[in-house]
Every structure is written in structure tokens, then in C-alpha cells.
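Trainee: Please take me through one part of this structure closely. I would like the open sheet, strand by strand, and then what lies around it.

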2 protein chains.
Amino acid sequence: MLDDRKLAVLRAIVEDFVSTNEPVGSKTLVDRHNLDVSPATIRNDMAVLEEQGYIVQPHTSAGRIPTDQGYRLFVDRLSAVKPLSAAERRAIETFLAGAYDLDSIVMRTVRLLAQITRQVAVVQYPSLTRSTVRHIELVPLTDRRLLLVLITDTGRVEQRMVELPGAIGDESITQLRAVLNACLDGRRLADVASVVAELPDRVSSVERPNAAAVFSVILETVVERHEERVVVGGAANLTQADFSRGLHEVLEALEEQVVLMRLLGESGDQAAVTVRIGSENEVDGLRSTSLVATGYGAGSQSLARLGVLGPTRMDYPTAMGAVRAVARYVGQILAES
Amino acid sequence: MLDDRKLAVLRAIVEDFVSTNEPVGSKTLVDRHNLDVSPATIRNDMAVLEEQGYIVQPHTSAGRIPTDQGYRLFVDRLSAVKPLSAAERRAIETFLAGAYDLDSIVMRTVRLLAQITRQVAVVQYPSLTRSTVRHIELVPLTDRRLLLVLITDTGRVEQRMVELPGAIGDESITQLRAVLNACLDGRRLADVASVVAELPDRVSSVERPNAAAVFSVILETVVERHEERVVVGGAANLTQADFSRGLHEVLEALEEQVVLMRLLGESGDQAAVTVRIGSENEVDGLRSTSLVATGYGAGSQSLARLGVLGPTRMDYPTAMGAVRAVARYVGQILAES
DNA sequence: ATTGGCACTCAGGGTCCAGGAGTGCCAAGG
DNA sequence: CCTTGGCACTCCTGGACCCTGAGTGCCAAT
């Protein structure tokens, strides 16, 4: 249906349009790329491509621009992920090397991604449910209030206030702390819920009410992945693209954690770099943007996702290369710490 | 120099321009406000106001718009802080009531401010140095690595990794933990530095090196107020104002923590609501914006600052009212917890 | 000091026109 | 059957032009 040359034409259109941001016509096409045919031939090909829905012309007698479907084909079959230059790789390494805890790793990753892709970067905090418990700490604040601190193997620290139904003494706290750590240390967070369910048997009955309060807070922390934040950076890069009035919508969408979670959650394969183009995004305000994302995590496990968001008219090969490279490096850093 | 009517004219110009975003002329001025004089008289007044630098005309034969200096006079002498409506106050209360820890308080405050003012909200995390230590926790991760958790009376939790020069045993940790809490509990963070300096005497000499590592991390945490973050929200509201090309600059400035800190740091009086208008801002990218800010904190002490940022053409009385009210409520919440 | 009158300025919006880029179609040639 | 040159057609873009209306500054009269 689409012979090789037509595909080459589509590829050329995408590349040209991405770099110039102007509809590309048959003549400029044969000039810039060395297609050994005449403009008229190209025009015939373009007519077919347009009929199939891969390109459109903004108005009669203008060049063609790719449709979402056109970009999709380009990404799937016509382009290769572009590896970063050696200089860029070094930049990533040095930039991430100074990070000392999870917060700073995430912050730096966002800045880094935004900077090298010149797009909006989105980085999800590593999900709780897949990491394991390293330590649980109970800190008495008053006699009816505890601070619960939960530390995971990824260096993440969750803190929650626990309001107790009754007063609690130091020795009870010590006991409770011992039970918690004995039973939960090393457990995957996904398994914590079932373990906690059996815990009440292990505490003396007088302490049950207080212990129950602690347990329920732990469950909340683990189950409601309420703290699964997504950090956004490089929003200023959006002003280069011409969303005209849509900019407002995009910025609004980027401020909604829920929306961002949904956006990142959509994509299927965890390990590979996935691309969602324009209308493929379920999120209303982001129908004119594309997302290039991938999973990342310590070693080979995928704990969370990161990516870049930009106009559909985006340099996909480069973006994919950057996202892949950054994800790998962050994975290394996470594995080391 | 400026009689009452001229001041009234300036006030009217500011109010009209803020609400319509169009240069305001002498005729529309006498129509909308009940000044009992003719347009010609107003024109004379406006000529004086322009000569004094309070207003300008964008081009000949257009109406006048206020200058930064004009807004300044308006804010200082011609306007009163506009209290919020009862409904708005209730909204604030219910919105903030659900917050359970410092993070969520800050998050909610940002959203709230952005929403009711329809501007960009900036909220600084309560500064460490003025709060007091409530608890210090040491958690062994490996035999050469500790997690230091520092909890303040404002519910803030600071976490730092400590790399130890040598291996450390459980009993040493327990001892160190006891010393730290005995000496630092209840201290203001500002005083921690001097107290920590005397601590080495209290630990046995074999543990000195490890203890020293812990102490230096504590000092870093307290002194380098590196974690004094500023949270930004409502950036989407900027698209309503017409910065034309300056939008990019503004968005960029808002992403730089350093810039935000400088911006908030500038203002003098801690307790009162202060306004910095346009060119009064030292920050380059924000010369066309105004900041309405105030200090806030538990009770009457001022721990940090919060405010809203918008175009100089901004409804100052309302913004000031909102900022003041939100700061008070947040102060209450902080005092309670 | 205030006011009505008047001439002047100028941004914004409309129309008109020419140029040019790009297309679709067709008939001819490999 | 694919390719190609030719040609008529479309229509966006930018410039020139004009007109209108809002708004001003100045001046003489009250």
C-alpha cells in the first residue's frame, strides 16, 4: 500500500516540519533530501499519503504537515532512537553524580531532562508499592500522638502523623516498634497489607486500640499511594511551541497531580520507551502534546516512570534517546544507593 | 502638589485599568465614576499626573495607564486592603482543615492562594532556623551508613544520609541518639550550631570520628538552609495576562529556587503585607510583575513568607486581602499542630 | 479654576492588490 | 503503469491605502 518511497517522503516531511515548523511542499522536499524524482511525483505520493490520513494541508495551496497518525507511523517504523553524544552522556553523569538522596535525585533528573530536550520534563517518584521496607520508626510527640516514619530501600522516607485513641507509654512504643520492624523489615510494600492484618495478635490486648491506629496509618500510607508525586520541570519551554491559546490548558493540566499520574499511567510496556502522540492522550488538555516516557528504577526493575512532554511537532528520535539514557543513569544511581 | 481630586483621578484610572485592561480616557472616566467635573478638567489633571510620572499614554491619543510609580502611590495611599467575603473565609477554612502534615499544608496553601486570587501563588517552606528540635532519630542502614532524621516542632522532617568513616555498632548508635536528643531537644535550630560544637566531649574517644560525621551533617542541615524550598502554583494563570513574549522569562524565573528565594527575601517588614511593584523587583525576569507577600508562621512568629505574583496590572486590594487572610489561617493551623 | 470648542494625532480595522508558494490535473514519454 | 513537465488555479501573506473613532492638547470664555 505504501511503497518505500512514500515512506521516505513521509519521513522527510516529518523531519523537515519538525525542524522548520513550516508546512513542507513538494519542491523544497526534493531540494533538501536527495530523492531522485521530480516534484510532480512527490505530489502524487503526497496525495496518497493525505488520502490515507498521514498528512494534511492547513489550507489549499500550502505544504503538508504530519497528522498524529503520521507521527505515529514515523515513530513506529521510520525512525531510530538517536543515541546521545558522548558530551551529553558525560553531562548527565556529572549532573546526577552529586545527588545524595531521593529528593535530590528526582529534582536533578527533572532539570536535566528539561534542559537537554528543551521540553517539559515529568518524573514520577518511585512507587512505594514495589520497594521494600527497610525500617519503621515511631517517634512520640505527645502522649497521644506519634510520628510514624517509614523508610524504604530506595531511600524514600514517608512520614505520617498518628492520632492515638488513648495515652501510650514509652515501653509500649518500644514494644510496638520492635514488633513492626521484626515483621515488616525487608517486606515488599505490596505485601505489607497482608502482614499487617495479622499483627494485632502479637500485641497485648490493652495496647490493641493504639496499635490498631498505627496499623491503619501504615496501611493508608502503603495503599493510598497518595504520595506518588509527579514532579514537573521546564514549563518555560512550552512558550517556544505555538499552542496559541491552548497553552493555558496545557499549563493547567500540568498542575494537576491526578492528571499527570493518569498520563504516565496510560502507557503499556514498562521497560521500553513509549510514545503517546497528540490525540492518543486521554487527558483533555494534552490532546495537542506528545509524551515520550519510559519506566525506570534501580537495576532492571521498573519503579516509576519519567519522560518529556512537548508539542506533537517534536524531535522524537532525540527525545527518545534522551529519555532512555536518563532513565538508565537514574536507574544506576538508584541501584548504587 | 496633588490635590484630592487628582488623587481620586489616579485611583479611578488604576481601578478602571485593572478591571478593563484598556487605557482609560477622560470621558469614560467621568462616566463611570461620579466626578462632578467635565472631561476637560480631568484632562488637565491627567496632564499633571503624567508629568509627575504616575501615568503614561501608550501612544498619543490613547487613554492613560498607570506607571509602576502610579501603582505604588495607589497601594500606599489610595487603597485599603479588601477583606475577604464570608464565603471565601469559609472556603479557606475547609480547604486547609484537612491538611495533616507540613507538606500537605504547604501544597494546599499554594493551591488555595492561586485559586482565590487567580494569580501565581508562591509559598516558602517554614524556615528551619527559627523552629525548634523535637526529635532526632538515627537509623542504621548499613554498618557504615546512617539515616539521620530530624523532626521539628512545626512537623517538618529533614532526612540526610550520613556516611561514616568507620563501622558502628547498635549500642553506639543508641548512645549517640541519647546524647543528641538530650542536648538538642527543644533547642531552636538557630542555637543548634553552638550546642553541637560542645558535643564531642560527651562521647567516648573511640566513637569520635563517627560522631563527628553525624554532627557535621546536622550542621549542614541546619546552616545551609538548602531545603528552604519555595513552592509555586497556578502558573497557568499567567496566560491570562498579556506578557506577550515576556511570559517565557517569567516562567523561567519561577523555576529557579534561588530566584524565588531572593524575590521573597527582599521585602522588609515581616509581619505586614508588602507589595513590590514591577521594576521594584530586583529579579530580571520579573520586572513586569508585582509581588504581594507577607510573613507567616505559627502564632505571631514569622517563619517564612508567602504571596502571589501577577502582572503589575493587578487587583492589589483583593490580593492583599487574600494573602493576609491565608497567612493568618495557615498560622493558626501551624500553631495548632 | 473650570469648561466647551476645535484641530490634531494615531492605532485599529477594513479593503484592495500583487506576489509567490504550492497544488491538482492532464497529456506525453519511458 | 509510473514518471514528468506544463499549466491553470487557489489562497495565504504582506504591503499600501484609507477611514473612523477615541482621545488628546490648547485656547478663549466663563
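Mentor: The sheet comes first, then a neighbouring residue, then the other parts.

This is a predicted model, in which local features need pLDDT of at least 70, side-chain atom pairs count only at pLDDT 80 or more, and totals for chains, interfaces and linings use all residues. Residues are numbered from 1 along each chain as its sequence is written, while chains are lettered from A and ligands numbered from 1 in the order in which they are written.

The open sheet in chain B has five strands, in the order E7-E3-E10-E9-E8, with antiparallel pairing. Strands (E, at least two residues) and helices (H or I, at least four) are DSSP runs, numbered from the N terminus. Two strands pair if DSSP finds at least two bridges between them. Strand E7 (230-233) and strand E8 (274-277) of chain B are the edges, each pairing on one side only. On average, neighbouring strands are turned by 20° against each other, direction ignored. Axes here are lines fitted to C-alpha atoms, for helices over the stretch in contact, and angles run from 0 to 180 degrees between N-to-C directions.

Take strand E3 (residues 120-124) of chain B. Five of its five residues are buried. Buried means 20 or more other C-beta atoms within 10 Å of the residue's own, with C-beta atoms placed from the backbone; exposed means 12 or fewer, and partly exposed lies in between. B:Val120, B:Val122 and B:Gln124 point one way from E3(B), and B:Ala121 and B:Val123 point the other way. E3(B) runs antiparallel to strand E10 (residues 304-311) of chain B, joined by four bridges. There, B:Val120 has B:Leu309 as its bridge partner. E3(B) also pairs with E7(B) over four bridges, again in the antiparallel sense. In that pair, B:Val122 is matched with B:Val232.

Now the E8 edge. E8(B) and strand E9 (residues 289-296) of chain B run antiparallel, with four bridges between them. B:Thr274 stands opposite B:Ala293 of E9(B).

Next, B:Thr109. This residue sits in helix H6 (residues 102-117) of chain B. B:Thr109 is buried because 25 other C-beta atoms lie within 10 Å. Beyond its neighbours within four places in sequence, B:Thr109 is in contact with B:Leu96, B:Val123, B:Leu306, B:Val326 and B:Val330. Contact means that the C-beta atoms of two residues, placed from the backbone, lie within 7 Å. B:Val326 is 217 residues from B:Thr109 in sequence, yet their C-alpha atoms are 7.5 Å apart.

Then the chain interface. 22 residues of chain A are in contact with 22 residues of chain B. Strand E4 (133-142), strand E5 (145-152), strand E6 (157-163) and helix H10 (246-255) of chain A each supply at least two residues on the chain A side. That side divides into twelve nonpolar, five polar and five charged residues. Ala, Val, Leu, Ile, Met, Phe, Trp, Tyr, Cys and Pro count as nonpolar, Asp, Glu, Lys and Arg as charged, and the others, Gly among them, as polar.

Last, the DNA. 22 residues surround DNA strand D, and the closest are A:Val37, A:Ser38, A:Thr60, A:Ser61 and B:Gly25. A residue is near the strand if its C-beta atom, placed from the backbone, lies within 6 Å of it. H3(B) gives the largest share of this surface, four residues. Seven nonpolar, twelve polar and three charged residues make up the surface near DNA strand D.
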